[in-house]
Amino acid sequence: MGAGTDGLMTPALLVDRGRLAANVAEMAERTAARGVALRPHVKTSKSLDVARAQLAAGAIGFTCSTPAEVRLLQDAGIGGLVWAHQPVGPAKLAFAVAAARRGGLTVTVDSVEVAAPLGEALAEAGTSLPVLIEVDTGLGRTGADPGDVLALAEALTRWPALRLCGVLTHEGQLYAHAGDRAGLERAGRRAGEVMAGLGERLRAAGHPAGIVSVGSTPGATSTPFVPGVTETRAGTYVYYDANQVALGSVPLERCALTVLATVVSTRRRGTAIIDAGLKAMSSDRSVTGEGFGAVLAPTPGGGPLDGVAFTAANEEHGFLTGPGTARLTVGDRVRIVPNHACTTVNMWSEAQVLDGAEVVARWRISARH
């Protein structure tokens, strides 16, 4: 430890510790100032080191996508968990029962078809779980239609082992607003208004709805701050990424996650091949529809390379194109800000942590699929 990045074998996943700390602090301060709880999504970092920093800054717990993420945090003694994925099928039902016995877990449902087997399995095991109704506010993925939420809440009373505590949404539809930050903010507020209204209607009908939970990084400046919303589950903010830059969430210099790569071929005019491909970056394309990430100078803190774009990738090779590639030679290094931090992190087993230009730690990445 304490050495620079020159000795690292590439590709390598890099985390700028200073930028990470600033991102964690800013989100915690922003939400606390407005009285909104922060329950970040652990799928971005999949790292107990990052999770503990978020807890120290005031996070009330974490949002999980997978049983592995739930297990990782429960094994570390961390509670306040929301499993924001439908627990469907015998294996996941058995896991939900086991996790319920350990405590500190809330699950989500969006239909009677999901709720009934879960309620029955919990009752048979002699335990129970708090439940949030997932709501579709425009993404078109999972989630009950807003107009069906009251009926679903009433149906849940058939299973006493399911203890309704509120509603939850992921306003992922905001990712469609690249280049239109004002439109994104309006869409974010609309999602928050839908959720706050549902909370009021549930309480008026006699159903518990103390939690009104929203969650996305692009929506973190709008959706959580609608009166009546109680918490946000943003995740990508710990690192940010090229998509968040394109969406206007932050400038490029706030991104804390990069992939260090080496130029391995310049045989083709106008193209430089690097040793970081889909297995280093993931296949998620930009919200603008172009490229696999922003290409930066190799020095930590260095800015974009003019005239160089990351336009194509194979499993182990990336294709940099543009007039700026004429300045690149075999052995040169570049850093890539990935389009999507969450899916990039999931490709790796560890991250190299930088303090300035020095590698000061290695953080394990856990709970990968």
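Across the interface of domain 1 and domain 2, four residue pairs are in polar contact, with both partners at pLDDT 80 or more. That is a good place to start exploring this predicted model. The elements that give two or more residues to domain 1's side of this contact are helix 1 (17-33) and helix 2 (48-56). Helix 1 provides the largest share of that side, with five residues.

**How the two domains meet**

- Domain 1 covers residues 18-238, while domain 2 covers residues 251-364.
- Taken over C-alpha atoms, the centres of domain 1 and domain 2 are 32 Å apart.
- Domain 1 brings 16 residues to the contact, and domain 2 brings 14 residues.
- About 1,300 Å² is buried between domain 1 and domain 2, and carbon and sulfur atoms account for 53% of this area.
- Three residues stand out here: R19, T44 and D49 supply 38% of the area that domain 1 buries against domain 2, more than any other three residues.
- The rule also finds one salt bridge across the interface of domain 1 and domain 2.
- You can look for a salt bridge between the side chains of E26 and R254, where N and O are 2.8 Å apart.
- Sorted by class, the side of domain 1 that touches domain 2 holds five nonpolar, six polar and five charged residues.

**Helix 3 and its surroundings**

- Helix 3 spans residues 67-75, and its buried residues are P67, E69, V70, L72, L73 and Q74.
- The cover over these buried residues includes two helices, helix 2 and helix 4 (90-102).
- Strands also help to cover the buried residues of helix 3, among them strand 3 (62-64), strand 4 (81-83) and strand 5 (105-109).
- After helix 3 comes G77, which has a positive phi, near 80°.

**E231, a charged residue to look up**

- E231 is found in strand 9, which runs over residues 231-232.
- Is E231 buried or exposed? E231 counts as buried because its relative accessibility is 2%, and the cut-off for buried is under 20%.
- One polar contact joins the side chain of E231 to the side chain of R39, at 2.7 Å.
- Another polar contact joins the side chain of E231 to the side chain of S213, at 2.8 Å.
- Setting aside neighbours within four places in sequence, E231 is in contact with V36, A37, R39, I60, I211, V212, S213 and V214.

**Two buried loop residues**

- A220 sits in the loop between strand 8 (211-214) and strand 9.
- With a relative accessible area of 1%, A220 is buried.
- Which residues touch A220, leaving aside its neighbours within four places in sequence? They are M27, R30, F225 and A234.
- To get a feel for distance, compare A220 with L328: they are 108 residues apart along the chain, and their C-alpha atoms are separated by 38 Å.
- T325 belongs to the loop between strand 14 (318-321) and strand 15 (333-338).
- T325 is buried too, since its relative accessible area is 6%.
- Leaving aside neighbours within four places in sequence, T325 is in contact with G270, T271, A272, G307, V308 and L320.

How values were computed. Residues numbered from 1 in each chain as written. Predicted model: local features only at pLDDT ≥ 70, side-chain atom pairs only at ≥ 80, totals over all residues. Heavy atoms only, no water. Domains from an automatic or database assignment. Contact = heavy atoms within 4.5 Å. Buried area = accessible area lost by both parts, 1.4 Å probe. Salt bridge = Lys/Arg side-chain N within 4 Å of Asp/Glu carboxyl O. Polar contact = N/O pair within 3.5 Å; in protein donor to acceptor, adjacent residues only side chain to side chain. Helix = DSSP H or I, 4+ residues; strand = E, 2+ residues; numbered from the N terminus. Nonpolar A, V, L, I, M, F, W, Y, C, P; charged D, E, K, R; others polar. Buried < 20%, exposed > 50% of the residue type's maximum accessible area, 1.4 Å probe, protein only.
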